Amino acid sequence: MAKTITVGMATCGVSAGAEKVLGSLKSLADVHKHIPLNIGTTGCIGMCYREPLVEINDGTHRYLYADVTEEKLKSIFENHVLGNTPVDEWLILRDYQSGTEFDFLRKQAKIVLRNCGFIDPDSLDDYIARDGYQAIKKALTEMTPEEVIEVITKSGLRGRGGGGFPTGMKWKFARQSPGTDKYVICNADEGDPGAFMDRSALEGDPHSVLEGMMICGYAIGASHGYVYCRAEYPMAVRRLKHSIKVLEGKNMLGDNMFGTNFSFHVKVKEGAGAFVCGEETALISSIEGKRGTPKVRPPYPAVRGLWGKPTNINNVETFANVPWIVLNGGEKFAAMGTEKSKGSKVFAIAGKAKRTGLVEVPMGISIKEIVFDVCGGIKGDRKFKAVQMGGPSGGCIPSSHADTKIDYEEIMKLGAIMGSGGMIVMDETTCMVEMARFFLQFTQNESCGKCTSCRIGTLRMLEILERIVAGEGREEDIATLEHLSGYIKQASSCGLGLTAPNPVLTTLKYFREEYESHIRDKRCLSHSCPALVQFLINPDKCTGCTLCAKGCPSKAITGEKKKPHLINQDLCIKCGKCHTTCNFDAIYKD
Amino acid sequence: MVHYKYIEGNIAAQSGSQGQVIPLLQTVQEKHGYVPEDAIREISDITRAAVSDIFSVVTFYKQFRLRPPGKYLVRLCDGTACHVNDSKTLLDLITDELKLESSDTTEDGLFTVETVACLGCCSIGPVIMVNEEVHGKLTPKIVKRLLKEYHKKGNGD
């Protein structure tokens, strides 16, 4: 049987060199034309940390190779493709059931990402072969719109964009809204820094999102849909547009779809770079061609949304769950998870974990299991300090609470939020004050400027945090931060302002001593804030190459050629330039 | 039909409402790299939105530029993951290497540098995007090499 060779071509794969690998694979196949081979591409399988990935399927077994380079591919091609002997050295998974990286998959449960990494995202046939468009057919031919909403309600699916509002209820409100012109919007304006779940889902399996939207359209009685996608995701936009075109050509999207009297049209709208547009009402303003400033709710979009018509907005991940639920039943989905949080959740793991990438885990799994069992613990075996969940609206959960279960309410109890799924793992070298400053800078930048409390309040907080990080903190700063946080949370109109103080409040709650040592002792406990550390040279590692001395803007580094150098702390301006220039890792912070 | 300098006739004919303001701005920017003042007037003419409203939209969204960018638009990601992995150092390095102090574009018009909130490639951070090419797992050394390569390429053709 002909072997199938698949190369992972999501953004992570491409930036790791997958295009070159695919190119040389094609030329190798050309040289060996007599051997029947299928060469394909696929989306993100989640193992961003081992890209580029190449899978060989010989009809009975599937082999996954990691960190493939052009040279490695040559050897894999000769030994495995031509010679039928797998190259064990670079093999990480066999049949997705065993192998060195199987631990990464062991505790995962894939619903949203069920097809990612297994299909060619541009191929409608691939999607159909994995039960694609069966759910919409089932809904259109066997179910009433009310029955569809009932299934979604029963499943317990909640908004995956971060809010956690029950999806079934949202659909019901939109259905009950009077009027014939209604809209479905897919929120793909994934703006949280450190989150890329939606990008991967759209790049790896755009059809499941589109099918989810169609089902929603049928359920609420809408005939038009928009995908509002970040302009920073060119590949996702391209794949969505391609999929829509293919579907329209096959009468699977448009007027009288699948030969029924249901009509649904989808358009892609590219965002223009404003974080606040992730908020429903701001997103609607943006589609209408205006500045993306949020409006006061009520009226909610379900009553008065896009162009003043009833509108239902869900996140990418929410929609991707829908076809699976309709096909498998609400009960099966509700069987996974905790009492109030059902199904699975996709997390984008980044930061200091050993394995970083995309994981989909059942609700109810603990943070510890994600960090240690799925992601293999912390890089360099350093100490696990905290995870940051929910991006700039969320908070830090310290390692002392690592047993917390992934559950909307449990996480909220700690002051963080489930969020859209960004999970940044931090180790002992990450300064929590700096982290809070980072998020405040983000929200300050992204504040649309409508509410004074958010526009000016976050700026005042940012100024204080900048001072603390620079070693100029004052005794009253912590109290002022807490005071301002309260005001901002009370007086802002949209989610951005309401949650903006969260990163500061959670770090103050769990890492207060770090703030205090910055302010009182002028020390950064994580040895990370440049203004509060000393740059030193390790004489054992220094080769005396003079590179640092040449680059030092304050001429603080002295030493003879080929002998260890010294930094004069009185002259040092702590710019950190020597730290980055050194090729021998000889300069360290203390 | 009125002849527009920045917007093609067939696109103009299909774009008669406020909802088309952002897509039209995106079309102009994609073609020219920025939004020239005259293009705003044309869009106002087509969509019947006030020039001042369109200008307020242009300045609200980060994507739009009112001045032409360099040949290579370097977008440095300063998302959480990249930030934790020391993207600040890379920014300092790039600013230094390209001698950017007051402007975001180099004198020779080759590079424009901006920081963005997140490119969504968090697990391979720190990341930069040069035009549409994403480069991940960066170190100061790799960044220096990349800048040299683009410099050579930019002056070559």
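These are my notebook entries on a predicted model with chains A and B.

**Entry 1: chain B overall**

I began with chain B. I counted seven helices and four strands there. Reading from the N terminus, I noted the order α-α-α-α-β-α-α-β-β-β-α. The C-alpha trace of chain B spans about 55 × 35 × 25 Å along its principal axes. I looked up burial next: 39% of the 157 residues of chain B count as buried. I also checked contacts in chain B between residues at least 6 apart in sequence. Of these, 62% join residues at least 24 apart.

**Entry 2: domains of chain B**

The domain assignment splits chain B into domain 1 (9–60) and domain 2 (72–156). I took the distance between the C-alpha centres of these two domains of chain B, and it is 29 Å.

**Entry 3: where chain B touches chain A**

I then turned to the contact between the chains. Chain A puts in 46 residues and chain B puts in 36 residues. On the chain B side, the elements giving two or more residues are α2 (21–32), α4 (51–60), α5 (80–84), α6 (87–97) and β4 (133–135). The largest share of that side is four residues, from α5(B). I sorted the chain B side by type: 19 nonpolar, 15 polar and two charged residues.

**Entry 4: one lysine in chain B**

I picked out B:K137. B:K137 sits in the loop between β4 and α7 (140–156) of chain B. Is B:K137 buried or exposed? I found 16 C-beta neighbours inside 10 Å, so B:K137 counts as partly exposed; the buried class starts at 20. I also took the C-alpha to C-alpha distance from B:K137 to B:F55. It is 38 Å, with their positions 82 residues apart in sequence.

**Entry 5: nonpolar cores**

I looked for nonpolar cores. The largest has 210 residues. Those with the most contacts inside it are A:I215, A:A348, A:V387, A:V425 and B:V127. α10(A) gives the most to this core, nine residues. I listed the partners of B:V127, leaving aside neighbours within four places in sequence. B:V127 is in contact with B:C77, B:C82, B:L119, B:C121, B:V134, B:H135, B:G136 and B:L138. A second core, separate from the largest, holds 11 residues, including A:F535, A:C548, A:C552 and A:C582.

**Entry 6: a buried helix face in chain A**

I went along helix α8 (residues 167–176) of chain A. The buried residues are A:T167, A:G168, A:K170, A:W171, A:K172 and A:A174. Which elements cover the buried residues of α8(A)? Among them I found α7 (145–155), α10 (206–220), β9 (311–315) and α13 (316–328) of chain A.

**Entry 7: a sheet in chain A**

Last, I traced an open sheet of five strands in chain A. The order is β2-β1-β3-β4-β5, and the pairing is mixed. Why is one side of β2 (37–42) and of β5 (91–94) in chain A left without a neighbour in the sheet? Both stand at the edges, each with a single partner strand, so no strand of the sheet lies on the other side. Neighbouring strands of this sheet are turned by 20° against each other on average, direction ignored.

I checked one pair closely. β1 (residues 3–8) and β3 (residues 54–57) of chain A run antiparallel, with four bridges. In this pair, A:T6 stands opposite A:E55 of β3(A). Helix α2 (residues 18–31) of chain A lies across β1, β2 and β3 of chain A. I read its direction as about 155° to β1(A).

Terms used
Residues are numbered from 1 along each chain as its sequence is written. Chains are lettered from A and ligands numbered from 1 in the order in which they are written. This is a predicted model: local features need pLDDT of at least 70, side-chain atom pairs count only at pLDDT 80 or more; totals for chains, interfaces and linings use all residues. Two residues are in contact if their C-beta atoms, placed from the backbone, lie within 7 Å. Ala, Val, Leu, Ile, Met, Phe, Trp, Tyr, Cys and Pro count as nonpolar, Asp, Glu, Lys and Arg as charged, and the others, Gly among them, as polar. Domain bounds come from an automatic or database domain assignment. A residue is buried if 20 or more other C-beta atoms lie within 10 Å of its own, exposed if 12 or fewer, and partly exposed in between; C-beta atoms are placed from the backbone. A nonpolar core is a set of buried Ala, Val, Leu, Ile, Met, Phe, Trp, Tyr and Cys residues joined through C-beta atoms within 7 Å. Two strands pair if DSSP finds at least two bridges between them. Axes are lines fitted to C-alpha atoms, for helices over the stretch in contact, and angles run from 0 to 180 degrees between N-to-C directions.
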